Amino acid sequence: PPFLGALGGVLRDRAAVFSQLNPLLLRSLIVVNLALLVSYLLWRGAFTLSAAAWPLSIALFGAELYSFVDTSLFCLGVWRIREREKPPPAGDVSVDVLITCYNEPVELVRATARAARGMRRPHLTFILDDGNNPEMEAMAAEEGVRYLRRDPAWHGKNRHAKAGNLINALHRTQGEFILVLDADHKPRPELLERTLGYFEDPLVALVQTPQWFSNIPPGDPFGVDAPLFYGPIMQGKDGWNAAFFCGSNAILRRDALMRVGLADYARDTEARVRGALRGSEASLRAAASTLNPDAAAAWAAL
């Protein structure tokens, strides 16, 4: 219906206007909003709670307090909202496009593979098939994209679902940058052109792009495209250097990703070594106590 399309347009337009507000005006609105909320809650707590129906009264007041906390956290998130400029042209870099799938229809993945293959700028496209489907492998050959399944080394181990599928691919690809796509996420031809330039800043580790769905009514009346999340919320997180990977349609710098893995491995190894040393110390004390009580006392004094 036309009114639904209009509603969707209003939701999207409000998100766009919100993200483009002058920072000073935005922060002024935040301060006024929080001041009014605090004034309201003080009035509610001091003058309106009902002793006759205190369970319902307290429950309602608690819900309002929760809403205040939620609103405050949102305001904090968008306090440093960041509207990035158009990126500079990207240099000559290598990109691997990883399409993860697990028993999805072959034709659905084919459409994604074609869209990925058709993106401008040189890149390699891989279908990561966790379902080991021979038809999927044949389709990849027909479409001129590469096909990867799990290495035999994964047999009998925890496979870690989609994360494990990507880890397996990371060890078998070499691109400087990685674009991750779900099986039904078809990228636009200009995606790489519009994102790779941000990585000219060596401190940028990932660029998350928004998702637009094709199977919704015109105007997206119920906000399925999440314009508020992919707009002001993620821009606010970017301002706090806290934007995160949403699982698909994002480009990651391989070097940064591998550094995170190495840091986690180092912390895990350190914890294991410390645990082993503590266990060895207890064993040595027990052995010393058995062989020579005087030696055990000396050991304990160290």
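## Worked exercises on a pocket, helix α8 and its surroundings

By class, 13 nonpolar, 3 polar and 1 charged residues make up the lining of the second largest pocket, where Ala, Val, Leu, Ile, Met, Phe, Trp, Tyr, Cys and Pro count as nonpolar, Asp, Glu, Lys and Arg as charged, and the others, Gly among them, as polar. The model is predicted, so that local features need pLDDT of at least 70 and side-chain atom pairs count only at pLDDT 80 or more, while totals for chains, interfaces and linings use all residues. Residues are numbered from 1 along each chain as its sequence is written, and side-chain values use heavy atoms, with hydrogens and water left out.

**Exercise 1. Describe the second largest pocket by its volume, its lining and the elements that contribute to the lining.**

Step 1. The volume of this pocket is about 410 Å³; a pocket is an open set of points on a 1 Å grid over the protein atoms alone, where a 1.4 Å probe fits, with protein on both sides within 12 Å along at least five of seven lines. Grid points are joined across faces, edges and corners, and the volume is the space filled by probe spheres set on the points.

Step 2. The second largest pocket is lined by 17 residues, and L166, I167, L170, L257 and M258 are the ones that lie nearest its centre; a lining residue has an atom within 4 Å of a point.

Step 3. Two or more residues of the lining come from each of α6 (161-170), β4 (177-181) and α9 (254-291), where helices (H or I, at least four residues) and strands (E, at least two) are DSSP runs numbered from the N terminus.

Step 4. Helix α9 also holds D255, which at 42% relative accessibility counts as partly exposed, the class between buried (under 20% relative accessible area) and exposed (over 50%), with a 1.4 Å probe and protein chains only. The C-alpha atoms of D255 and A205 are separated by 8.4 Å, although the two residues are 50 residues apart along the chain.

**Exercise 2. Compare the expected span of helix α8 with the distance between its end C-alpha atoms, and then locate its kink and its buried residues.**

Step 1. The expected span is 1.5 Å times one less than the number of residues, so the 13 residues of α8 (residues 227-239) should span 18 Å, and the 17 Å between the end C-alpha atoms agrees with this.

Step 2. A kink of about 30° in α8 is centred on I233, the bend at a residue being the angle between axes fitted to the seven residues ending there and the seven starting there.

Step 3. The buried residues of α8 include P227, Y230, P232 and M234. G231, also in this helix, counts as buried at 13% relative accessibility, and its C-alpha atom is separated by 9.6 Å from that of I81, which is 150 residues apart from G231 along the chain.

**Exercise 3. Which residues in the loops on the two sides of α8 have a positive phi?**

Step 1. Most residues other than glycine have a negative phi.

Step 2. In the loop between β5 (206-208) and α8 lies A226, whose phi is near 55° and whose relative accessible area of 23% makes A226 partly exposed.

Step 3. In the loop between α8 and β6 (250-253), N241 has a positive phi of about 55° although it is not a glycine, and with a relative accessible area of 73% N241 is exposed.

**Exercise 4. How many aromatic pairs does a search of the whole structure find, and how is the pair of Y40 and W43 arranged?**

Step 1. The search finds 4 aromatic pairs; rings of Phe, Tyr and Trp (its six-membered ring) pair if their centres lie within 6.5 Å, and planes under 30 degrees apart count as stacked, over 60 as edge-to-face and the rest as tilted.

Step 2. Y40 and W43 are 5.9 Å apart from centre to centre with 45° between the planes, and the pair is therefore tilted. Both residues lie in helix α2 (residues 23-48), 3 residues apart, which is about one turn of the helix; Y40 is partly exposed at 34% relative accessibility, and W43 is partly exposed at 45%.

Step 3. F229 and Y230, by contrast, form an edge-to-face pair, because their ring centres are 5.0 Å apart and their planes stand at 80°. F229 is partly exposed, with a relative accessible area of 22%, and F229, Y230 and F244 form one aromatic cluster.
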